[in-house]
Amino acid sequence: MNSKEPNILLALIVIAVSILILSVGILGLKVAPQIPLLFSTAIVAIVALYLGYSWKEIQDSIIKGINIGLPSILILMIVGTVIGTWILSGTVQTMIYYGLNLLSPKIFLVATVLICGIVSLATGSSWTTVGTVGVALIGIAQSLNIPLPITTGAIVSGAFFGDKMSPLSDTTNLAPAVAESTLFEHIKHMFYTVTPSLIISLILYWILGAKYTTGAIDAEKINLILNNLNGAFYISPVLLIPPILVVLLAIRKSPALPTLLLATLLGGVFGMIFQEASLTEVINVMHYGYQSQSGVEFIDKLLTRGGLHNMLWSVSLILISLSFGGVLDKTRVLKVILKKISTMVKSRGNLVLVTVLTCLGVNILLADQYLSIILPGKMYAHAYQKLKLAPKNLSRVLEDSGTLFNAIVPWGLSGAFIANTLDVPVLEYLPYSFLCLITPIISIIYAYTGFTMEKIK
């Protein structure tokens, strides 16, 4: 069957209708994103049929879109089992216990950013950081009466800072590959945008943390938590071996899935050795998550999480998002719009601004951080060359926006994972994800001023 490319008017209508459906559903009706995304997918599929595509081609595009995200979906499910077994083993409780003894409310948010940044830099994975130390930091924040959306914003800022600057990160390797730059040239060039963004973020978190220095600490509540954790679980530095092992394996560039599976198994073994759990309990916790029954409501809410089953909400969201992205890509709607935009951009500042906005748009429409790097990177590479801009400028802009925006899109791969893992909705932590919001702005400012925008030599 012969298919035709949509004209610019039809392409814009498709995008506008899709965004309208998502906005009305999520912001207006305040429903979960899955069904609005499903309706948007149906609309784009109808347009694809109108353009001459067969149903088989549309179905294949859905499968192709899902295939792109399968590695991320597998990691998401395994992280669920890691969280469950690490709570069963007492690893998370140990991190919370020592964290409460070491961290004060005043420095907590700043420390959260730095801790997550270091772990993510070492592992090259923001997801691993969020699913391990991030869970423990949420527990500490609840104990210190620090709002969870602010804490989640700090976790996201630290985790994605380390992810962006780590040579072990997949997106940090992908961006220079797409832009035809080199890895370490790319990382060095990102230093100019990410460092000031991190400093500004730390100052803002310090100011927010200052609100909780006086009168906010509930000593009785903290003592209750410490005594309950110490009484109900075996607490020991030995239980920190699983997270230390994950970091060491990541530094050695071990694949993510085997590393996380090993972390799950180690958590289960530690649960049987140190917490006297049975094999049946270990398997059930891996599937359904840990169910705390301490009798203290706050602690039960804190520790009842994890498990493969509890990740299925995010999995369903990601599957529908990738299906929507697959059909949208098949119709060439985005390519038509991007091609039109690239011919209209003439100046350096406008080119970077459009690149940033395109990365945001691709994240919103396709939900995939990899595509938000690949599509704009391929479409605008010629425009950067035409303006004699070095490839590392393009690779930096792609990471400054494509990677970071994915964490603050509710149905994005990263956004869905973070919200489900930490139990904090994306729209609640979005205003406090300072690094994700500030870095693209700095990137745009540099473009208009010319600062660090190196020319082709």
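## Phe 270 and its partner

At a relative accessibility of 10%, Phe 270 counts as buried, a term that here stands for under 20% relative accessible area, with exposed meaning over 50% and partly exposed the range in between, as computed with a 1.4 Å probe on protein chains only. This is a predicted model, in which local features need pLDDT of at least 70 and side-chain atom pairs count only at pLDDT 80 or more, while totals for chains, interfaces and linings use all residues. Residues are numbered from 1 along each chain as its sequence is written, and side-chain values use heavy atoms, with hydrogens and water left out.

Phe 270 forms an edge-to-face aromatic pair with Phe 274, at 5.2 Å centre to centre and 70 degrees between the planes. Rings of Phe, Tyr and Trp (its six-membered ring) pair if their centres lie within 6.5 Å, and planes under 30 degrees apart count as stacked, over 60 as edge-to-face and the rest as tilted. Because the two residues are 4 apart in helix H12, about one helical turn separates Phe 270 from Phe 274.

## Aromatic pairs in the structure

The structure holds 9 aromatic pairs. One of them is stacked and joins Tyr 234 to Phe 274, at 5.4 Å centre to centre with 5 degrees between the planes. Tyr 234 is partly exposed at 39% relative accessible area, and Phe 274 is also partly exposed, at 24%.

Ring pairs also link Tyr 205, Tyr 432 and Phe 434 into a cluster.
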